[in-house]
Every structure is written in C-alpha cells, then in structure tokens.
Amino acid sequence: MSAQNPGILAPAATDCEPVGAADLIQATTGQPGSKIALVALHAGYSHSSLALKSLAAHCRDQPFYPSIHCFETLVNISHQRLLEQLLALEPRVVGFSTYLWNIDATLGLAARLRRLLPECRIVLGGPEAGPRGEELLGDHPELDYVVDGEGEAAWRDLLRLLLLRQGKPGRISGLIWRGPSRPVRNPQTLLPAEALPAPIALGLMDLDKPLVYWETSRGCPYRCSFCGSADEQLRAFPLERIEADLRVLEGLQDKVVKLLDRSFHLGRERTVRLLERFAATPVGLRFHLELNPDRISPEAMAVFRQAPPGKFQFEIDLQSLNQPVLDAINRRMDIPKALANIRELVAMARHPVHLDLIVGLPGEDEAHCRDSLDRVFRLHPGHLQLGTLKLLPGTPLRAQAQQLGYRWDPRPPYEVLSHPLLGFQQIARFKRYAVLLERLWNSGYLVATLSRLVPACYQDRVSACWDDLLATQGEGIVWDKLQPDTLYERVCDFLQPWLARDALLGQLLLWDYSQFSLVTRKTPPWIAAGLCHQKTLVVDGSRRRLPLLSLSEAAVALINRRRITPLEAGRYAVWPRQRQRGRPVRVIPVPD
Ligand code: SF4
C-alpha cells in the first residue's frame, strides 16, 4: 500500500519484461505509451486480488505485459483518487473485475472514465458481469466488452486484438461484444490446467495482507442450481505447480491461505497428499478449505486429527437438511454421513468449523427452515451463518424463478423476497435469527450459556430460543448498536427466570463474560455479583486482580467441547481476551 495514499493500493506495474517491449507496442500500435489498467474494488482490505494478477500473468509472453497496471481499492470509499490515478495513466484499455458487491460502484466508475477518456476501451469481467453481458452492453454505452467465465485467455486475446490488431472478436473465449445488429456472445473455451498462470509462484501477488487467496483447482464437479460455478469444468492443477506456490507461501508468517477451490475432494489420494503437505507447513500458516462434508474420507479425517491445532479452517455449505429440497436444487449430499463427519470435526475441537444454511430454497417452508436451523445448531459449530437465497443471473434456478413463483430483488445481490411457501415476513424473521446467531453465538459472547440454555429450556430448538428472546427483549436486541456490556445486560434480563433455578446456567454465563472482560463499572449487576470474589495473581510478569469463578463437572463438560486442553471441575481465574491482544485467553487454576 502506498504510504502517501492509504486509500488506494499503489498502481503496481507487473514484473518488467525485457527492455524494448514498450517499443514494440509503439511500433505495432502506433500509439506511444499505451497503458492497460486492471481494477478491482474489494469489500475489505484483508486480501489482494488473485484474479487481477492471474489475468496479468497470462499476458507474460506478450509485448504489452509491462504496460499492465493493477489497481485495488475498497468499494465503499470515494473513488476520486483512483480516478485521478487512472487518468494519470491514460490507459487504452481498462478491465474491471466485478462481483455482486461491486458492480454498481464499478459501473459508476466506468461511466466517469468514459467521459474523461473517450478513447479508452472498457471491459468488464468476473462472475457478476459475464452472465449479464448483453444486458450490460445494452444499458451501458460506456462499456465496450464483457467477458463471461474464466478471463485469462479472453483478456490476453482481447488485448492482442485491441493493441496489436491481431485476432478476431468472434474467436475470443466468452467475449460478449456488439455485433453489427445485436450483442454477440462467444462460446467459452477453457484453458487446460497446465496453461493457467501461477501468480504466487511468479511472485506477482501482494502477500502483505492477512488473507492470501490461492487455488489448487478450477471448476466444480457438482451442479447446484443456485450456483454460478455450476457449469465450469473441473481442472486440477499439476502437483508441481502447487508445490512451487507452497514454497513461496511457506516463507510467510501469520497468514490464512484461503483456497478458492469449489470443492476440495479431487480423488482420495490427491486430497490426502495435499492435506498432509499443508499440515506440514510452518506454524503461522493456516489453510481455509471448503469441504463437502459427506466426502471427507477417513484418511483425510486422520490428517485433520493429527495436524497442529488451528492449521485448518473448514467452511461447509450445508444449505438445508431437507432431502427433497436438496434434490430440487440438484445438490448431492448424504445428510446422515455429512452430519456424522461434521460432528467428528467439531468434537476434535482442533480446527474452526464454519457452517452455512440458506433460507428461501425452492419447496422449503418455514417449518423446514426452522428444522434445518435447529438441527444444524445442535452440531455446535464455531460459526453458523444463515443466509437468504440469492437468485444469481445465469444460474438454472434464476431461469426457473418466475415459474416457481419467486419474488426477488432485481438488483444485486438479488435476494429472494418471497416464494409460495415462504412469505416476506417469514424470511424477515430468519434474518433476525441470522443477526442473533452473529451477535450471540458467532461472536463467542454466549457460547457456553447457549450450549446449556437451548437444550435445557427450549427442547434443543434455537429458533424457539430466538423467538422468546425477541418477544421479551424486542427488536432492539437485533437492530440496536450494542456494546458487549449492554448486550450482556439484556441477556441477563432475558435469562432471569432461568438463572433463578439453574445454577449451571449461571456458571456458564459468568464463564462466557469472563472470557471477554474483567469486572468494570459497566458490568451488568448480576454478573458483577457472581464475579465479586477476586484474587491477585502474576500474569505475564505483572500482578493482576482477577475475578474467580467455580466450575462444576457439568460446566466443564460443556466448556471442554471447544477446548483442546480440557479443564477439570474447580476454581479458576481468567485473564480475558480483550486484554490478550489476539492471544488465547489465560485460564488459571486457583486451588480452594
Ligand atoms: S454450490 Fe458449491 S458444490 Fe454446488 S455447484 Fe456451486 S461450487 Fe459446486
């Protein structure tokens, strides 16, 4: 990131090719200084774009390669500075990488760019633009081309056409362009895995961010009807290429390597070999994988069991636990096997497990959505996300949506508003559940408490617990901006009837609170009273006054579900997370 310009990443030119390449452009195009820009507007600053670097890398054998500049910035800030930098570059071609979250901002930027640089060719690619190519070209005269699907070959060939006058538009894979009378959409020709560039091994990626995007394969063997990746042919990258990338990644410290592979199950032998290799990487490198839970082999499970704690993070998209609904969206999953494997992963308490559910799938009514939510919550994953179905352009489900009686937002992210079995208000209730999950479970604020409360007081139905919470605490528990102490205060109020008759619940609430905070002026009175006994202990070389709490056998049994080192029943002092600055909470046994 440029120190003078914290809002925008420096427009880093790609690795320089031999001197003389620029002269070749000059000679061939007759336009000295022809520049090319690739632009990505990100939702967050945690990673840099693998897509831009891969597009650039595929042009390495071309004379215009040194003229490619990549720009990355945030989507939700002013783009004035970016525009100024683009203007200063005076590019002849600008390519934008588009997603659901940046298409509007990208179109705004493209419109301004066209007015300022009328000669510049503007190209959109990425999963949002491709399926909407004809519509975008029709509605936005400032756009010249849209690329559908994999962009490397298309981008290279389009630049050859525009800058070197080589090739024909009708031959460029996935290009959508204005034909003589109407937009033309070219068929896609995918590159073989061996031909896809390796930006990490080539040293093109900005690896300073905490998250590094990576891929060991492209495409997906499945055909889920709501998914934009459903029809992309699966290609596994050669192991030598993966090893070359890993050699670079192994030099990094404190990074999460997020694999973009749509499914990490490409043959048992290959999968286990890669997992073993990842498990053997240095401490400080973690791998975030998307898993199909019913396809985890016993051998893969053994690797996860033996890997250092936290080496892996698992993302598992269940979507629904209703078999007819999964059938309706063409999603293959052996539900009992998936649940058994997830239980095993969670019980390991070794690597974080993130589960996803979707509300609004075809044929799923409120009762079924609740059932899926309640059953998945019983797995006690580290993170549970409840999303609303998005009817993405170009997907089979979007094509059937009218016929299925869907109403949806016509603008990105195309969320479902209602369908014949699920009304708008019912979907709105699930959105509240999603916020409560985020606030109370995924945040970690109430994990131990809910692990007791939901089974003991709500027949293990978290949806019933949320209904009661909403009924007693009102909408504010969902929509108000709440500091942790205020949140705990509302929770204490809600729990009063239960706390009076369930001592275990009280222990767990005190435990949850003590993970985050010492007792302060803002601590809710019920919690402050429960943590009134304190002891001075030496922590990290300093004397600290810490509250004491007693944990019964039943309490540690629930708490230990998330701990690698189990606790025994007894008395403990806790040095909380907010004081630990990213390090694990200190739990110190204090003999009676
Ligand atoms: S949802 Fe996942 S498994 Fe299904 S087609 Fe898309 S990428 Fe493949």
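1. Helices H15 (residues 447–457) and H19 (residues 503–516) pack with their axes 7 Å apart, at an angle of about 160 degrees. Angles over 145 degrees count as roughly antiparallel, and H15 and H19 are therefore roughly antiparallel to each other. This is a predicted model. On the H15 side the contact is made by Val447, Ala448, Thr449, Arg452 and Leu453. H19 brings Leu504, Leu505, Leu508, Leu509, Trp511 and Asp512 to the contact. By class, the contact of H15 with H19 has eight nonpolar residues, one polar and two charged.

2. H15 deserves a point of its own. Eight of its eleven residues are buried, and the helix is mostly covered. The buried residues of H15 run through Val447, Ala448, Thr449, Leu450, Ser451, Arg452, Leu453 and Val454. These buried residues pack against H19, and also against H14, helix H12 (366–377), helix H16 (462–473), helix H18 (484–499) and helix H21 (553–559). Just after H15, Gln459 has a positive phi of about 50 degrees.

3. H19 also meets H18. The axes of H18 and H19 cross at roughly 175 degrees and come within 11 Å. H18 and H19 are therefore roughly antiparallel to each other. From H18 the residues are Pro484, Tyr488, Leu495, Trp498 and Leu499, and they meet Leu505, Gly506, Leu509, Tyr513 and Phe516 of H19. The contact of H18 with H19 divides into nine nonpolar residues, one polar and no charged. Leu505 and Leu509 of H19 are listed in the contact with H15 and again in the contact with H18.

4. The largest nonpolar core holds 147 residues. Within this core, Ala56, Val94, Val146, Leu158, Leu159 and Leu386 touch the most other members. Helix H14 (residues 424–442) gives the most to the core, with eight residues. H14 is also among the helices that the buried residues of H15 pack against.

5. Around the ligand are Cys220, Tyr222, Arg223, Cys224, Cys227, Ser229, Ala230, Arg262 and Ser263. By class, this shell has five nonpolar, two polar and two charged residues. The charged residues in the shell are Arg223 and Arg262, and the polar ones are Ser229 and Ser263. Three cysteines, which count as nonpolar in this division, are listed: Cys220, Cys224 and Cys227.

6. One peptide bond to check is the one from Pro412 to Pro413, which is cis, with omega near 10 degrees. Pro413 lies in the loop between strand E17 (407–408) and strand E18 (416–418).

7. Two loop residues have backbone angles to look at. Asn330 is not a glycine, yet has a positive phi of about 60 degrees. Asn330 sits in the loop between helix H10 (323–328) and helix H11 (335–348). With 15 other C-beta atoms within 10 Å, Asn330 is partly exposed. Asp540, likewise a residue other than glycine, has a positive phi near 50 degrees. The place of Asp540 is the loop between strand E19 (534–539) and strand E20 (542–551). Asp540 has 10 C-beta neighbours inside 10 Å and therefore counts as exposed, the cut-off for exposed being 12 or fewer.

Note on methods. Residues numbered from 1 in each chain as written. Predicted model: local features only at pLDDT ≥ 70, side-chain atom pairs only at ≥ 80, totals over all residues. Axes fitted to C-alpha atoms, helices over the stretch in contact; angles between N-to-C directions. Helix = DSSP H or I, 4+ residues; strand = E, 2+ residues; numbered from the N terminus. Parallel < 35°, antiparallel > 145°, perpendicular 65-115°, else oblique. Contact = placed C-beta atoms within 7 Å. Near = placed C-beta within 6 Å. Core = buried A, V, L, I, M, F, W, Y, C linked by C-beta atoms within 7 Å. Buried ≥ 20, exposed ≤ 12 C-beta atoms within 10 Å, placed from the backbone.
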